[in-house]
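This report looks at how a protein chain is packed, and at a few places in its loops. Please keep the sequence and the model in view while reading.

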Amino acid sequence: MNNKINVFVKKWFDDVNGNTYHNVNFNYNNKNYNSGLTYGYGSQYKTTLKDLLIKNNLINENIINNDYYKLRDFINDNFNCIVMDVNTEQELEKIDYFNQI
């Protein structure tokens, strides 16, 4: 049985200014969490996920200790990250409400 939490990551490239943004969204214990519009490209969303978890007291900051490999392993072991590209800022900022299954 898979007990991982599904995390929905939306990415948007602002071709006018050349910046990339993302939004991290997940549900835990029937509560939705959303990072909002966040600057960052590549796998930066993993750090945003970590920050969101710490900010909402869902994990202890010392679990990862700013170690990239601990962060990577922690996320891979506990989360299913579903990453999708969107075409507009409006699509990125839209908060998707869902229930964890």
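A residue is called buried here when its relative accessible area is under 20%, and exposed when that area is over 50%. The structure is a predicted model, and the statements below should be read with that in mind.

**Helix 2 and its two sides**

By this cut-off, the buried residues of helix 2, which spans residues 68-78, are Leu71, Phe74 and Ile75. Viewed down the axis of helix 2, these buried residues fall within an arc of 95 degrees, so they line one face of the helix. Tyr69 and Asp77, by contrast, are exposed on the other side of helix 2. The cover over the buried residues of helix 2 includes helix 1 as well as strand 5, residues 79-85.

**The nonpolar core**

The largest nonpolar core is made up of 16 residues, and those with the most contacts inside it are Val7, Val24, Phe26, Leu49, Leu53, Phe74 and Phe79. Two or more residues are given to this core by each of strand 1 (5-14), strand 2 (19-28), helix 1 and helix 2, with the largest share, four residues, coming from helix 1.

Which residues are in contact with Phe79, leaving aside its neighbours within four places in sequence? They are Lys4, Ile5, Val7, Leu49, Leu53 and Phe74; among these, Val7, Leu49, Leu53 and Phe74 are also named with Phe79 as residues with the most contacts inside the core.

**Thr48 in helix 1**

Thr48 belongs to helix 1, which covers residues 44-55. Is Thr48 buried or exposed? Its relative accessible area is 9%, so Thr48 counts as buried. Not counting residues up to four places away in sequence, Thr48 touches His22, Val24, Ser35 and Thr38, and of these Val24 is one of the residues with the most contacts inside the largest nonpolar core.

**Two loop residues with positive phi**

Asn29 has a positive phi although it is a residue other than glycine, and Asn57 likewise has a positive phi in a residue other than glycine. The table sets out their values and places.

| Residue | Phi | Place | Relative accessibility |
|---|---|---|---|
| Asn29 | near 50 degrees | loop between strand 2 and strand 3 (31-34) | 62% |
| Asn57 | near 55 degrees | loop between helix 1 and helix 2 | 68% |

Because its relative accessibility is 62%, Asn29 counts as exposed, and Asn57 counts as exposed because its relative accessibility is 68%.

Notes. Residues numbered from 1 in each chain as written. Predicted model: local features only at pLDDT ≥ 70, side-chain atom pairs only at ≥ 80, totals over all residues. Heavy atoms only, no water. Buried < 20%, exposed > 50% of the residue type's maximum accessible area, 1.4 Å probe, protein only. Contact = heavy atoms within 4.5 Å. Arc of directions from axis to C-beta. Core = buried A, V, L, I, M, F, W, Y, C linked by side-chain atoms within 4.5 Å.
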